[in-house]
Amino acid sequence: MEATTSSAPEHCSLGILCAGLCKRPTIYLTVISVFFSVHHVLVRYIKDTVPVFEVIFVSYGMLFLFLIPFLIYLGESFRLRTREHVLMILISGLTFAAATFLFYFGLSWMPVGDTTAIGLTTTIFVGIFGRIFLEEPFDLVDLILVIFDFGGVVLIARPSFIFGGGDGREASALGPLAVLLSSGLYAATFLLTRRMGMLGINSFVIVFYHSLFIIITSALMTTFLSERGWVIPPCGAERYALVAIVFLNIIARCLLMYCYANEQAFLVSILSSNVVVFSYILEFTILGTAPNPFALLGAALMVFVSIVVSVKRVRNFSFSSSITGAPLTE
């Protein structure tokens with residue numbers, strides 16, 4: 001997930017694109033939540049038919065093709081002006097690609113709701129990395145939130161050395177571990193993207209290059225690492241699901257870019273929490289998978305931590321804005 005500042009043409013074009021929604025942020029935040037939740041459920045639905053790397057390739061390949069005319073319409077240049085821009089795009093592209101692969105890998109091993117709940121640890125990793133690399137404040141409250149967040153991960157993963165049982169849970173621990181690692185990489189990508197936004201790189205240009213990295217790496221992985229190779233899904237539900245995944249990914253990410261550029265951090269955090277809730281509901285409705293009570297408790301803990309972190313960020317930003325006179329946006 002990328003968050004940057006936006007240019008005036010981008011703001012204007014997206015304002016037209018989201019004309020009916022932009023006046024009601026809670027509505028399009030809910031729309032984004034539902035779209036991402038359905039997207040995740042459908043990825044899990046076709047995981048036995050289409051290799052996960054191929055799903056990633058198709059999703060981001062179509063997003064890449066969509067962004068080309070869109071950026072031309074915005075008048076944005078694809079050219080990176082300095083060596084620093086190229087280096088940051090390269091590093092962030094690699095971290096984003098690795099994070100995406102790990103998240104989808106976890107999605108193929110774990111229930112959708114559990115996967116999205118563990119994904120909320122991204123906010124915690126952002127705080128930790130911000131302290132290490134940017135010397136941002138990290139106080140006792142943040143430390144307590146990290147402990148709560150870790151507790152939520154343990155409740156969702158339910159390792160056998162704590163909860164007992166030898167039902168193959170050791171192998172299934174690969175899923176939570178992959179998603180947790182992807183959250184750390186997403187956090188690193190977020191910080192790099194924020195830095196690129198400060199350097200004046202358009203947010204959609206960043207998404208364009210990130211999509212290009214994923215297209216190249218997922219094509220290589222599908223060709224050389226996938227046991228089934230390239231698969232054309234059979235006519236019927238699987239093919240329709242793949243088409244729906246593509247369009248949901250494009251629409252949700254475009255709306256997400258507008259959301260990050262124009263809304264406060266607290267509202268964006270509610271988006272992440274909503275995705276967890278909708279994921280559990282839709283997974284039970286579509287796939288018939290009932291959530292584990294421990295997983296629900298862990299997810300509730302992580303949603304609580306995510307909201308507290310965001311409220312804390314907004315309060316800190318509001319305080320600094322009252323001193324500097326900056327507007328309360330992020």
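Helices α3 and α4 are oblique to each other; this tour of a predicted model begins with that pair and then moves to a pocket.

**First stop: the two helices.** Select residues 52–74, which form helix α3, and residues 83–109, which form helix α4. Turn the view until both axes can be followed. The axes come within 10 Å and cross at roughly 130°. This angle is neither over 145 degrees nor within 65 to 115 degrees, and therefore it counts as oblique. The crossing in which α3 passes α4 is right-handed.

**Second stop: the contact.** Next, display the side chains of V52, F53, I56 and Y60 in α3. Add F96, T100, F101 and Y104 in α4, which they meet. Which classes of residue make up this contact of α3 with α4? There are seven nonpolar residues and one polar residue, with no charged residues.

**Third stop: the second largest pocket.** Now select K47, D48, P51, V52, F53, F105, S108, W109, L225, S226, E227 and R228, the residues that line the second largest pocket. The space in this pocket is about 330 Å³. V52 and F53, already displayed for the helix contact, appear again in this lining.

Colour the lining by helix. At least two residues of the lining come from α3, and at least two from α4. Which helix gives the largest share of the lining? That share, three residues, is supplied by α4.

Finally, colour the lining by class. Six residues of the lining are nonpolar, two are polar and four are charged. Charged residues are thus part of the pocket lining, whereas the contact of α3 with α4 has none.

Note on methods:
Residues numbered from 1 in each chain as written. Predicted model: local features only at pLDDT ≥ 70, side-chain atom pairs only at ≥ 80, totals over all residues. Heavy atoms only, no water. Axes fitted to C-alpha atoms, helices over the stretch in contact; angles between N-to-C directions. Helix = DSSP H or I, 4+ residues; strand = E, 2+ residues; numbered from the N terminus. Parallel < 35°, antiparallel > 145°, perpendicular 65-115°, else oblique. Left-handed = near helix turned anticlockwise from the far one by under 90°. Contact = heavy atoms within 4.5 Å. Nonpolar A, V, L, I, M, F, W, Y, C, P; charged D, E, K, R; others polar. 1 Å grid on protein atoms, 1.4 Å probe; cavity = no way out; pocket = protein on both sides within 12 Å on 5 of 7 lines; lining within 4 Å. Points joined across faces, edges and corners; volume = space filled by probe spheres on them.
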